[in-house]
Amino acid sequence: MHFHHHGYVSGDPRVQVASGVGIDRPDELPDDVDVLIVGSGPAGMLAAAQLSQFPEITTRMVERRPGRLAIGQADGIQARSVETFQAFGFAERITAEAYRITEMAFWKPDPADPTRIIRTARPLDDPAGVSEFPHLIVNQARVLDYFAEFMANSPTRMKPDYGLDFIGLDVDDDGEYPVAVTLAHTAGPLEGTQRSVRAKYVIGADGARSKVRSAIGCTLAGDAANHAWGVMDVLAVTDFPDIRLKCAIQSGAGGSILLIPREGGHLFRMYVDLGDVDAHTKGEIRSTTIDEIIEKANAILHPYTLDVRNVAWHSVYEVGHRLTDRFDDVLPEELGTRTPRVFITGDACHTHSAKAGQGMNVSMQDGFNIAWKLGHVLEGRSSESLLSTYSAERQVVAKNLIDFDKEWSSLMAKKPEDFEDPTELENFYTSTMEFPAGFMTEYQPSLIIGQTTHQELATGFPIGKRFKSAPVARVCDTNLIHLGHQATADGRWRIYVFADDPLPGAPSKVATFAEWLANSPESPLAATPVGADQDAWFDVRVIYQQHHQNLDITAVPEVFKPQVGPFKLNYLEKVFGVNPAEDIFDLRGVSRDGAVVVVRPDQYVAQVLPLTAPAELAGFFAKMRTGRG
């Protein structure tokens, strides 16, 4: 953790110094804001948390509830999300309180007696080691709490504005604040009254019944599977031996259960198969009682029994797969003629079943994607054309998710006797685990994703996919750390410079590149505002091929040891050697001739270049600033 560079810090270093709009932040919602976020679910909270790191941007979040969420419906936290939490500083703490999935058990009818179920397989959750981060189960409300803490400790001292419901909006491209939003007070002394707010941009994170989506003329299109499930979070006594394992249970008597153990050692969730729904009487399934769900669960679990002692939450739902054709307010005929002003995220633009554990996870990446882009546009780092990449990138991800979820949901609802291969369900689970873990997203070439011309220089960092961390040795203090874990959610681009073979101080490609990076007017670092820290906009780190004990840090180019803070202190923690036991050059297929790996603020690899191509790096960032190229 980086602190003390502005002077000695005796308190909690996670509490950043208030600055910009965070100084004397008004409790009352202002009449004019830069970004208005509607809804404090996972997408909205992550977007707010990211924007809280931009001190000069006025971001406010409105939520119709009178206070924090107490019971969340989502609970599955995939490894990509935990990786994201690392950037926001709370991965270790939430992992400590969560349930961790390491295996999944599969139960099927006993061939000798199909009225009974038996365990048939128990594969590892991540057999290939796709991520160093775990797969967790924890209450959605706790995820939101951690983001709220991050926001409150940020320079902007951001917090949700509770008790305000979105009514409607109008967009007029004239004026500094072109989006007029109407809100209604839902709690407090002003309950029932309305007020208006003007914004430069609006993010709709207001769920599957999104009013923001309706206001910009988007509709969810898709289908329902006409298959119902009862879901319950319960405390119970049972003789079922795998009650603390994630389980897919298929019964010979008909019906299935997806069992999800919850945090705390006792609570668990069950998705209980209620069967097909008659399209003409589908409303009746909603009246299924909790007692009927429990009775159905006991029938599926036979010969085991479930004695429910307490129900924390339950619901009945049908699987639906719906997607909007755009995630912003730019109509198809307007493409290329104007930039968007209103964006929708999460369930507002894609809905699917809960059983693949994707809703919260994909929604948070929606929020991450749009938030840093808005921050860069509003601060003048990028042209407005950057905002058009949000819908283009995230709509494809949502479509892939829905296709995956359709297959997984249909397999979960399938009767055991209908499988051609009795191991089909578990084979699908293990063979596709990289997708639900969140690591199959691959953005295509665009304004902020480069071509794969030089991909062979770093084959383990595929352009368009998230930056997969690996161990390195920090030279200044000899600590072995994960390179990617040092990247915080501060809105900065990362430039990882992998050196060629010569040691620091000797003539080399990396030395020539460092000289250009530090001094050329074409260098991306030249755009850093006057008076700001040298690494304020770009976090540049160097990785040498040698063991840290063979590296002289005083010979390392100064651009890799930037001066920061009012005292102009050299920040030495950006210089690394290899860990001989796990050499990052070998692990990630990095060329021994060196390479430059450019990573976006949301942790996706944007470009791979040779050390000898500074002009290409300059052109990449110049294109973003101008929106042309």
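Student: Let's start with Phe 585. Is that residue buried or exposed?

Tutor: Phe 585 counts as buried, with a relative accessibility of 1%. Keep in mind that we're looking at a predicted model.

Student: Okay, and where is Phe 585 in the fold?

Tutor: Phe 585 sits in helix 11, which covers residues 584-587.

Student: What does Phe 585 touch, if we skip its neighbours within four places in sequence?

Tutor: Its contacts are Phe 498, Ala 499, Ile 543, Tyr 544, Gln 545, Val 578, Val 590, Ser 591 and Arg 592. There's also a pairing with Gly 460 to look at: the two are 125 residues apart in sequence, but C-alpha to C-alpha the gap between Phe 585 and Gly 460 is 9.2 Å.

Student: Phe 498 was in that list. Which residues have the most contacts inside the largest nonpolar core?

Tutor: Phe 498 is one of them, together with Phe 147, Trp 493, Phe 560 and Val 597. That core has 139 residues.

Student: Which helix gives the most to this core?

Tutor: Helix 7, residues 359-378, with nine residues.

Student: And Phe 560, what is that one in contact with?

Tutor: Leaving out neighbours within four places in sequence, Phe 560 meets Val 497, Val 510, Ala 514, Val 540, Val 542, Tyr 544, Tyr 571, Lys 574 and Val 575. Tyr 544 is a contact of Phe 585 as well.

Student: How many residues are in the second, separate core?

Tutor: That one has 49 residues, including Met 104, Phe 240, Leu 301 and Leu 411.

Student: Back to helix 7. At what angle do helix 7 and helix 8 cross?

Tutor: Roughly 170°, and their axes come within 10 Å. An angle over 145° counts as roughly antiparallel, so helix 7 is roughly antiparallel to helix 8.

Student: Which residues meet there?

Tutor: From helix 7 you have Val 362, Gln 365, Asp 366, Asn 369, Ile 370 and Lys 373. On the helix 8 side they face Thr 389, Tyr 390, Glu 393, Arg 394, Val 397 and Leu 401. Sorted by class, the contact has five nonpolar, three polar and four charged residues.

Student: Then what about helix 8 with helix 9, how far apart are their axes?

Tutor: The axes are 10 Å apart, and the packing angle is about 155°. Helix 8 runs over residues 388-413 and helix 9 over residues 424-431. At that angle, helix 8 and helix 9 are therefore roughly antiparallel to each other.

Student: Is that crossing left-handed or right-handed?

Tutor: The crossing of helix 8 and helix 9 is left-handed. Helix 8 brings Phe 404, Glu 407, Trp 408, Leu 411 and Met 412 to the contact, while helix 9 brings Glu 424, Leu 425, Phe 428 and Tyr 429. By class, the contact of helix 8 with helix 9 splits into seven nonpolar, no polar and two charged residues. You may recognise Leu 411, which is in the second core.

Student: Now helix 10 and helix 12. What angle do they pack at?

Tutor: About 35°, with their axes 11 Å apart. Helix 10 is residues 509-519 and helix 12 is residues 614-626. Their crossing is right-handed.

Student: Who makes the contact?

Tutor: Phe 513, Trp 516 and Leu 517 from helix 10, against Pro 614, Leu 617 and Ala 618 from helix 12. By class, the contact of helix 10 with helix 12 has six nonpolar residues, with no polar and no charged ones.

Student: New topic: backbone oddities. Which peptide bond is cis?

Tutor: The one from His 302 to Pro 303 is cis, and its omega is near 20°. Pro 303 is in the loop between helix 6 (290-301) and strand 16 (306-323).

Student: What's the phi of His 4?

Tutor: Near 75°, which is a positive value in a residue other than glycine. His 4 is in the segment before strand 1 (32-38), and with a relative accessible area of 35% this residue is partly exposed. Asp 24 isn't a glycine either, and its phi is positive at about 55°. Asp 24 also lies in the segment before strand 1.

Student: Is Asp 24 buried or exposed?

Tutor: Exposed, with a relative accessible area of 73%.

Technical notes
Residues numbered from 1 in each chain as written. Predicted model: local features only at pLDDT ≥ 70, side-chain atom pairs only at ≥ 80, totals over all residues. Heavy atoms only, no water. Axes fitted to C-alpha atoms, helices over the stretch in contact; angles between N-to-C directions. Helix = DSSP H or I, 4+ residues; strand = E, 2+ residues; numbered from the N terminus. Parallel < 35°, antiparallel > 145°, perpendicular 65-115°, else oblique. Left-handed = near helix turned anticlockwise from the far one by under 90°. Contact = heavy atoms within 4.5 Å. Nonpolar A, V, L, I, M, F, W, Y, C, P; charged D, E, K, R; others polar. Core = buried A, V, L, I, M, F, W, Y, C linked by side-chain atoms within 4.5 Å. Buried < 20%, exposed > 50% of the residue type's maximum accessible area, 1.4 Å probe, protein only.
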